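Reader: Please pick one part of this model and look at it closely. Then work outward, so that I can see how that part connects to the rest. Keep it brisk.

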Amino acid sequence: MPAYTSRAQDLARLNAAFDSQSTSTPASAPLNPTAEQIQPIVTSSAATAVSTNTGPIATSTQGFGESPIGRELAQNSQRLARINELQLPKPGRTRIFTISNQKGGVGKTTTAVNLAAALAYKGMNVLVIDLDPQGNASTALNIEHREGTPGIYNVLIDNVEIADVVQVSSEMPGLTCVPATIDLAGAEIELVSLEGREHRLRDAIQRYCETSMTPPDYVFIDCPPSLGLLTINAFVAAREVLIPIQCEYYALEGLSQLLKNIDLIKKHLNPELRMSTILLTMFDSRTRLASQVAEEVRQHFANEVLNAVIPRSVRVSEAPSYSQTVITYDRSNSGALSYLEAAAEIAFKGVNHG
Ligand SMILES: Nc1ncnc2c1ncn2[C@@H]1O[C@H](COP(=O)(O)OP(=O)(O)O)[C@@H](O)[C@H]1O
Ligand SMILES: [Mg+2]
């Protein structure tokens with residue numbers, strides 16, 4: 001039995017799930033849908049950015065006019081309606097992701113907080129661990145993280161329990177965050193002399209999951225862009241790596257090094273670790289380069305790349321300045337919808353692949 005089924009099967013399952021949740025489709029939607037049935041989810045995620053196919057939308061644009069903006073609004077409201085109707089399966093055990101890429105500015109933090117908010121919006125318990133001294137994830141989730149605020153630094157260095165420092169985000173019920181403060185900048189050095197320095201985060205998460213009244217369904221660890229002891233702790237604590245890839249030139253540079261590092265961690269520190277998910281971010285449909293990068297990544301990583309692609313969107317980038325995720329800031333924006341669709345794919349893929 002291969003570790004993964006084919007992408008076509010994934011798509012069919014996801015689409016069947018979407019269809020079976022839809023009020024307009026009989027609940028007994030087949031697991032092997034026809035091309036017409038697959039079309040709506042294709043149009044509603046990746047292909048929105050890369051395709052001009054408006055076939056299924058054309059019928060629903062009445063009332064919005066035929067302008068491109070009218071069409072987009074109609075399309076977005078259809079996408080949101082589908083997401084709202086969809087019920088996501090809860091994972092059998094906590095899924096722990098590290099969001100990693102040695103490059104800065106590729107959308108790691110944006111992906112961590114928005115996927116977390118999207119899953120919480122769909123009823124999951126989600127914990128975000130901010131492991132970047134910059135504290136950007138804490139900011140986006142409106143979590144107090146001034147210098148001296150108890151946070152992940154104290155968990156790693158002072159053996160404080162996650163339960164004692166975790167904060168509830170005002171963003172969404174079920175969304176919690178362990179903040180990072182600037183104190184974390186010194187942790188790389190302080191960790192060196194501590195016992196069990198590579199697996200302090202893993203042990204803390206394990207204790208939290210075992211003792212919490214409501215253990216998280218998902219944990220997302222937002223990593224700094226370097227490979228130091230903080231990132232190694234994330235790799236050791238996680239079971240899955242999610243790599244956001246920016247659809248730009250040099251996108252694949254450094255990726256082979258990242259994969260080598262994952263292999264090394266797998267071999268020496270965490271045999272359970274696997275790179276399960278790649279998310280294409282900041283996709284600009286106006287450039288051919290973005291499509292070429294997306295195509296190339298899909299060729300190399302057919303099973304890992306999500307169908308959903310995150311478009312470049314001003315709303316996504318301005319949400320953190322309001323201490324919000326885009327899921328609450330502007331849910332009907334195409335960036336928010338793409339994160340919601342990516343979250344749904346992750347949830348269904350997890351069930352299908354165990
Ligand atoms: N889909 C997007 N559209 C527009 N801007 C984005 C998008 N995703 C991220 N950004 C912006 O790009 C910058 C880098 O993103 P960030 O998530 O902080 O990257 P990283 O955590 O990898 O350093 C931020 O200013 C963020 O707001
Ligand atoms: Mg970041």
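Author: G254 touches Q102 and K103, leaving aside residues up to four places away in sequence. This is a predicted model, so read every number as computed from it. G254 and K103 are 151 residues apart in sequence. In space, their C-alpha atoms are 7.8 Å apart. The contact itself is judged on C-beta atoms, which must lie within 7 Å. G254 is partly exposed, because it has 13 other C-beta atoms within 10 Å. The exposed class stops at 12 and the buried class starts at 20.

Where does G254 sit along the chain? It is in the loop between β6 and α13. That loop belongs to a larger unit. Strand β6 (residues 240–246), helix α13 (residues 255–268) and β7 form a β-α-β unit, and the unit is right-handed. The two strands of the unit also pair with each other. β6 and β7 run parallel over 7 bridges. One bridge can be named: E240 has R274 as its partner in β7.

Now follow β7. Its other pairing partner here is strand β8 (residues 305–311), again in the parallel sense, over 3 bridges. F283 is bridged to P311 in β8. The chain gets from β7 to β8 through helix α14 (residues 288–300), and this β-α-β crossover is right-handed too. How enclosed is β7? It is largely enclosed by the rest of the structure, because 8 of its 10 residues are buried.

β7 also leads to the ligand. Ligand 1 has 17 residues around it. K108, T109, T110, V316 and S317 are the closest. Three elements give two or more residues to this shell: α6 (108–121), β7 (274–283) and α15 (314–318). The largest share is that of α6, with 3 residues. By type, the shell holds 10 polar, 5 nonpolar and 2 charged residues.

Just past α15 there is a backbone oddity. S323 lies in the loop between α15 and α16 (326–329). Its phi is positive, about 50°, and S323 is not a glycine. Most residues other than glycine have a negative phi. S323 counts as partly exposed, because it has 16 C-beta neighbours inside 10 Å. N142 is another such case, with a positive phi of about 60° and no glycine identity to go with it. N142 lies in the loop between α7 (136–140) and α8 (152–158). It is partly exposed as well, because 17 other C-beta atoms fall within 10 Å of it.

Next, strand β2. It covers residues 126–130, and 5 of its 5 residues are buried. In a regular strand, side chains alternate between the two faces of the sheet. Is one face of β2 covered, or both? Both are covered. V126, V128 and D130 are buried on one side, and L127 and I129 are buried on the other. Note the charged residue in that first set: D130 is an aspartate, and Asp counts as charged.

β2 has two strand partners to report. It pairs with strand β4 (residues 175–178) in the parallel sense over 4 bridges. There, I129 stands opposite V178. It also pairs with strand β5 (residues 218–222), parallel again, over 5 bridges. There, L127 is bridged to V219.

One helix deserves a length check. α5 (residues 68–85) has 18 residues, so at 1.5 Å a residue it should span 26 Å. Its end C-alpha atoms are 26 Å apart, which agrees. Its buried residues are A74, Q75, R79, R82 and I83. An α-helix has 3.6 residues a turn, so residues three or four places apart point the same way. Within the buried set, Q75, R79 and R82 follow that spacing.

Last, the whole chain. It contains 17 helices and 8 strands. Of its 354 residues, 46% count as buried. Among contacts with a separation of 6 or more, 75% join residues 24 or more positions apart. The contact between G254 and K103 belongs with these long-range ones, since the two residues are 151 apart in sequence and contact means C-beta atoms within 7 Å.

How values were computed: Residues numbered from 1 in each chain as written. Chains lettered and ligands numbered in written order. Predicted model: local features only at pLDDT ≥ 70, side-chain atom pairs only at ≥ 80, totals over all residues. Pairing = 2+ DSSP bridges. Near = placed C-beta within 6 Å. Right-handed = clockwise from strand over helix to strand, strands pointing away. Expected span 1.5 Å × (residues − 1).
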